[in-house]
Amino acid sequence: MSAREGAEARLARLGLALPPPPPPIARFLTHRRAGDLLFLSGQGPLGPDGRFHEGQVGSEVTVAEAYAHARLTGLNLLAVMRAALGSLDNVAAIVKLLGMVNAAPGFRDHPAVINGCSDLFADVFGEAGMHARSAVGMASLPNNISVEIEAIVAVRP
Amino acid sequence: MSAREGAEARLARLGLALPPPPPPIARFLTHRRAGDLLFLSGQGPLGPDGRFHEGQVGSEVTVAEAYAHARLTGLNLLAVMRAALGSLDNVAAIVKLLGMVNAAPGFRDHPAVINGCSDLFADVFGEAGMHARSAVGMASLPNNISVEIEAIVAVRP
Amino acid sequence: MSAREGAEARLARLGLALPPPPPPIARFLTHRRAGDLLFLSGQGPLGPDGRFHEGQVGSEVTVAEAYAHARLTGLNLLAVMRAALGSLDNVAAIVKLLGMVNAAPGFRDHPAVINGCSDLFADVFGEAGMHARSAVGMASLPNNISVEIEAIVAVRP
């Protein structure tokens, strides 16, 4: 991996195609920019078939499955970033993730789940994809989706 | 609605009166400004009688009731914004909401609840009130309030 | 307390020693700076023995114990700030905390728990340590830790 290789080139080399950016489902936006920060709404594991992955992680969904759901959620976040900025090459850094797991009572492995998104961003952006984050367990999520992740991104000035 | 109409004028035209800004309940603040961003502490559905609406949404509280609680929470957030900035006309944009619902197990309709706040902000600020957001389910909230919402706001320089 | 006394001097006068900054446990960072803001990953009550305090607050862990856990979490956040900025004297202000309590069903006293961290920051930074915050209840936290707190900090330009 070349340090100078841009995120769009890496994405192509990794063979990753982005989905269309998910539309907001009410009177809010998928992203709002303030200065050089881009705030992204929480996204979920929306698959290419237009359906969300559902279920509680630790009971109905395994950690390995939920890792894949977090990666898919990351692809949806990338789609929003590209739509907002024109190109992923305009991302200066991934600043912060809040990774929310629809977790069964007593679940302990939230980091292993959210790694699906963190690994994707490190793959696509290199060092610029490394971020601060929290990975925590929610009592419930909209439409019983397994994972929801929101992000703060620094934009190239 | 005129595009040039300010938020304070809209508020008046909508017949909305803001409550006094809620005081913080410990050694923290209701808001802290950093550059052109104003970070607001989570607020809840504090009514004009000085009491909070309580209960789990989906079991003790209906979605329609919780929508009204989220709107009331939004009025308390507006009161904090006005106290912090002197006037709502100094709000450049609502950037981000984290909408937290005290939700019964298996609850799926968090977005319909938090819309109570999002709709209010769109009514009061127009396009500038449209924001990124997440709407999620908490295991519990302070004093068993039904809804808590925190906000990040961009301030007119 | 002198208004001119720096945070490092206060820390020393309070007799507080910071732990080594906790390493991230996957492909993410303990902090990421964007402009004059420093975003910190969620930290937990990691003790000097290298072990985390565990358990649900309200059933297995008392509020008084959880207050101490939140204070300990605050010390770990301070350790990250010092590692990131060289000195706590480079902190301009604590901007925002998200205090997440691993709470038993029906728990109501989240603010009393997170005060352990808020009080520490007020002690160490004075007025600059006063922040916006939310204190809420999570269904579960990584490794069943009792408390997790993430922070946004303003950095002296």
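**Chain contacts, symmetry and core of the predicted model**

In this predicted model, the contact between chain C and chain A takes 24 residues from chain C and 28 residues from chain A. On the chain C side, three strands each supply at least two residues that touch chain A, namely β1 (31-34), β2 (37-43) and β5 (147-155). The largest share of that side comes from β2(C), with 4 residues. Sorted by class, the side of chain C that touches chain A holds 12 nonpolar, 8 polar and 4 charged residues.

It helps to look next at how the copies are arranged. Chain A is superposed on chain B by a rotation of 120° with 0.0 Å of shift along the axis, and the RMSD of this superposition is 0.0 Å. The two copies are therefore related as by a three-fold rotation axis. Within chain A, the C-alpha nearest that axis belongs to A139(A), at 2.8 Å from it. The copies use different surfaces, given that 8% of the contact residues of chain A recur in chain B.

Turning to the fold of a single chain, chain A contains 3 helices and 5 strands. Read from the N terminus, these elements follow the order α-β-β-α-β-α-β-β. Among contacts in chain A between residues at least 6 apart in sequence, 82% join residues at least 24 apart. As for overall dimensions, the C-alpha trace of chain A spans about 45 × 35 × 30 Å along its principal axes. A compact globule of 157 residues would have a radius of gyration near 15 Å, so the 15 Å of chain A agrees with that expectation. Buried residues account for 57% of the 157 residues in chain A.

The interior deserves a closer look. In soluble globular proteins, nonpolar side chains tend to be buried together. Here, the largest nonpolar core has 162 residues, and the members that touch the most others are I149(A), V153(A), I149(B), V153(B), I149(C) and V153(C). For chain A, the surroundings of I149(A) can be spelled out. Leaving aside residues up to four places away in sequence, I149(A) touches G42(A), Q43(A), A70(A), T73(A), L77(A), L97(A), L98(A), G99(A), M100(A), I114(A) and C117(A).

Key
Residues are numbered from 1 along each chain as its sequence is written. Chains are lettered from A and ligands numbered from 1 in the order in which they are written. This is a predicted model: local features need pLDDT of at least 70, side-chain atom pairs count only at pLDDT 80 or more; totals for chains, interfaces and linings use all residues. The radius of gyration is taken over C-alpha atoms; the globule rule is 2.2 Å times the number of residues to the power 0.38. A residue is buried if 20 or more other C-beta atoms lie within 10 Å of its own, exposed if 12 or fewer, and partly exposed in between; C-beta atoms are placed from the backbone. Two residues are in contact if their C-beta atoms, placed from the backbone, lie within 7 Å. Copies are superposed by least squares on the C-alpha atoms of residues with pLDDT of at least 70 in both. Ala, Val, Leu, Ile, Met, Phe, Trp, Tyr, Cys and Pro count as nonpolar, Asp, Glu, Lys and Arg as charged, and the others, Gly among them, as polar. A nonpolar core is a set of buried Ala, Val, Leu, Ile, Met, Phe, Trp, Tyr and Cys residues joined through C-beta atoms within 7 Å.
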